Amino acid sequence: MNMGLTGDTTAPTWIWYPGDFEIRLHEKMSVKRRARDVMYPAYWRLDRHYSNVKFRYTYDLPQEEQITIAAEGTFSLYLDGKDNYRYGDSVMTLPAGRHEIMVSVFNDAEVPALFIEGANIRTDSTWEATSYQNEWMMAGSWTFDSLNNRPSMFSLSVTPQEPISEEMREGYPLLDFGRETFGYLRFHDLKGIGTVRIYYGESLAEALSPEECYSMDRIEAVEAAGQAKDGIYTLTEGKAFRYVWIHADPGVTWDQVSMLYEFVPVTYQGAFHCSDPKLNEIYEMSLYTLHLNTREFFLDGIKRDRWVWSGDAYQAYLMNYYSFFDLDVTRRTLIALRGKDPIVMHMNTILDYSLYWFVSLYDYYLYTGDSAFIRQYYSRALTLMDFCLNQRNEEGFLEGRPQDWVFVDWADFENTGAVSTIQILLIRSLEAMSVFASLMGDESGATTYRELATDTKEKTMHFFWDNVKGGLLHHRVGGVTQPLMTKHASMFAMTYGYLTQAQRDRVVSDVLLNPEVPQIRTPYMRFHELAVLCEGGNHDLVREEILSYWGGMIALGATTFWEEYDPSLEEDGHYGMYGVTFGKSLCHAWGAGPIYLFGKYFLGVMPTSPGYETYRVEPYLGGLAHMKGTVPMGKGKVSLEMEPSKITVESTYGQGVLIINSTVSPECSQAEVRQIGQNRYELIIEAGSRYTIAYRM
């Protein structure tokens with residue numbers, strides 16, 4: 001138990017049961033989706049916060065102290081377990097000496113939260129909380145630091161924006177805001193009697209289709225005008241759109257229409273610029289796409305679904321580490337996805353998405369070194385892993401149940417039986433759990449998870465690897481491995497380092513570049529496919545693919561990247577999906593994959609120990625004449641410039657190693673260059689130093 005001492009200068013913050021703020025926020029977010037102005041809630045269990053929470057803290061004061069107390073909900077405070085002597089006033093005097101504070105808070109509408117401020121005694125993350133059904137845990141807290149900044153008041157930032165053009169279509173105004181955006185439409189000086197119907201579109205075709213557009217609004221002019229503030233009526237529901245077509249009854253008028261753009265303020269810490277202007281455009285558009293989907297959580301898309309999907313978030317986290325390095329949104333998303341016990345269904349109902357959570361949590365630790373976060377949520381990792389392991393078949397392979405969705409990818413193949421991709425993700429998840437157990441001091445658990453990972457890997461390679469086809473076969477049904485070859489398991493096995501060099505070469509040549517193997521059509525798995533091609537040294541090919549695939553969307557007028565792109569489609573056919581004319585999301589987080597590809601595989605920066613204490617830089621031009629960029633490291637950054645004969649690199653944190661591929665021995669006056677293989681060299685990067693290396697491609 002923590003002790004409060006005289007002289008404590010920690011600023012007070014609101015505190016709550018750990019995870020409950022994020023879980024409540026997720027619940028609110030998950031029911032905001034609208035399809036043609038009708039609620040479209042998520043189709044999985046939405047967990048709720050605990051309504052009855054108790055907080056405790058032990059202090060030792062040389063003299064009595066007056067404190068102020070506030071709660072989101074009703075509260076009662078008592079000292080030293082004296083249950084009959086409770087306090088409910090907003091101001092009280094704490095006696096001198098050593099005492100234990102207990103505060104119970106009840107709130108069934110919002111998260112029970114507590115705020116105490118005194119000269120020495122203040123609520124912060126050193127307090128503990130319980131939900132009356134488990135052990136005491138360190139309280140949750142964030143940046144809510146005053147009575148006017150409470151957890152229930154959380155909102156995103158907004159800023160006004162104007163349309164770039166307005167024209168009349170069929171007698172009604174059509175507004176173009178220039179590019180995809182998200183926010184609230186506003187009517188200035190709205191007057192008259194009648195109805196205003198608003199049709200939104202990510203594309204022009206969608207906005208001009210009142211019967212088919214995905215998002216719409218309807219307001220009554222008199223009622224809206226009565227709710228206006230300073231002559232401006234702002235719609236209450238935010239929408240994703242570029243175009244807006246407004247149909248108003250005769251007699252309804254307004255001076256102008258604008259919007260409030262809603263967003264999370266982030267710092268663009270990563271950067272990439274190269275000799276190809278189109279790649280620069282793709283990179284900048286990827287940043288904007290990711291930023292639009294970086295909100296309360298990492299969302300899949302801002303029009304559809306506006307939900308938190310674990311598989312989508314797995315990629316968004318990685319893109320974030322190479323761009324914004326925003327850990328608040330990352331932590332909120334990880335906590336919200338995990339939810340509460342008991343577990344009866346996989347995350348988002350998808351088996352693979354539960355496994356992505358473990359991998360994402362490990363990546364978070366690798367990129368940040370935040371072991372405290374791992375320790376706080378380790379118990380929830382334990383119960384989720386137990387839930388997953390209970391679904392193994394008699395051979396020890398993880399299988400989906402009838403009620404599970406085994407997703408893997410949007411593709412035309414069956415995911416019955418034991419799917420090899422699932423086994424690879426399970427192996428990675430078990431390795432992550434071994435690391436987490438070690439952080440908790442549970443070496444027995446760490447050994448158990450590590451041995452189980454090794455055993456599962458050996459069996460997976462034995463039963464699924466096809467030496468003739470050069471990759472992992474797709475699934476095993478009834479104890480028989482089926483002959484279908486897909487790319488997915490081999491890609492993940494290569495990414496996670498489970499293949500020999502000979503196997504890696506076979507995967508690239510016989511699987512990834514084999515036109516007879518089912519092709520990947522969404523940015524979701526192209527993210528992994530192109531990463532693996534980079535792992536195999538095919539940067540030139542990846543650059544060409546990025547130009548073709550992402551450049552193809554830009555050529556069709558995209559201002560953000562889509563959920564799916566099929567170059568064989570024509571005109572408005574690009575906008576349909578799921579049997580809905582305009583069902584495709586034209587701003588999807590997984591479409592921002594070039595951020596990760598450029599940062600990790602072209603600039604070549606990645607941590608080799610938690611929190612970038614050590615890291616590697618292995619840059620590849622990939623056919624470019626030159627490139628430069630910056631990768632955030634949490635506590636610092638690494639910057640690099642590269643041409644065919646010169647590399648300049650510097651960092652502000654950690655110790656790195658620069659890997660140089662050169663046909664001659666590189667030269668550097670600032671440090672020793674050491675040969676580590678044929679045409680491969682290394683140089684140690686110390687924080688605060690700048691290195692210029694002459695080499696030859």
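**Exercise 1. Cysteines**

How many disulfides does the structure hold, and what is the distance from the sulfur of Cys534 to the closest cysteine sulfur?

Solution.
- The count of disulfides in this predicted model is 0.
- For Cys534, the closest cysteine sulfur belongs to Cys274, at 13 Å.
- A disulfide requires a pair of cysteine sulfur atoms within 2.5 Å, so the sulfur of Cys534 is too far from that of Cys274 for a bond.

**Exercise 2. Burial of two cysteines**

Classify Cys534 and Cys668 as buried or exposed.

Solution.
- The cut-off for buried is under 20% relative accessible area.
- Cys534 has a relative accessible area of 4%, so Cys534 is buried.
- Cys668 has a relative accessible area of 15%, so Cys668 is buried as well.

**Exercise 3. Helix 5 against helix 7**

Describe how helix 5 and helix 7 pack, and list the residues through which they meet.

Solution.
- Two packed helices are described by the angle between their axes and the distance between the axes.
- Helix 5 spans residues 310-321 and helix 7 spans residues 351-368; the angle is about 15° and the axes are 8 Å apart.
- Angles under 35 degrees count as roughly parallel, so helix 5 and helix 7 are roughly parallel to each other.
- Their crossing is left-handed.
- Helix 5 contributes Ser310, Gly311, Asp312, Tyr314, Tyr317, Leu318 and Tyr321. Helix 7 contributes Tyr353, Tyr356, Trp357, Val359, Ser360, Asp363, Tyr364 and Tyr367.
- Sorted by class, this contact has 10 nonpolar, 3 polar and 2 charged residues.

**Exercise 4. Helix 16 and its neighbour**

Determine how many residues of helix 16 are buried, then describe the packing of helix 15 on helix 16.

Solution.
- Helix 16 covers residues 594-602, and 9 of its 9 residues are buried, so helix 16 is largely enclosed by the rest of the structure.
- The buried residues are Pro594, Ile595, Tyr596, Leu597, Phe598, Gly599, Lys600, Tyr601 and Phe602.
- Just after helix 16, Gly604 takes a positive phi of about 80°.
- Helix 15 (residues 539-555) packs on helix 16 at an angle of about 165°, with the axes 12 Å apart.
- Because angles over 145 degrees count as roughly antiparallel, helix 15 is roughly antiparallel to helix 16.
- The crossing of these two helices is left-handed.
- From helix 15, His539, Val542, Arg543, Ile546 and Trp550 meet Pro594, Leu597, Phe598, Tyr601 and Phe602 of helix 16.
- This contact of helix 15 with helix 16 comprises 8 nonpolar, 1 polar and 1 charged residues.

Technical notes
Residues numbered from 1 in each chain as written. Predicted model: local features only at pLDDT ≥ 70, side-chain atom pairs only at ≥ 80, totals over all residues. Heavy atoms only, no water. Axes fitted to C-alpha atoms, helices over the stretch in contact; angles between N-to-C directions. Helix = DSSP H or I, 4+ residues; strand = E, 2+ residues; numbered from the N terminus. Parallel < 35°, antiparallel > 145°, perpendicular 65-115°, else oblique. Left-handed = near helix turned anticlockwise from the far one by under 90°. Contact = heavy atoms within 4.5 Å. Nonpolar A, V, L, I, M, F, W, Y, C, P; charged D, E, K, R; others polar. Buried < 20%, exposed > 50% of the residue type's maximum accessible area, 1.4 Å probe, protein only.
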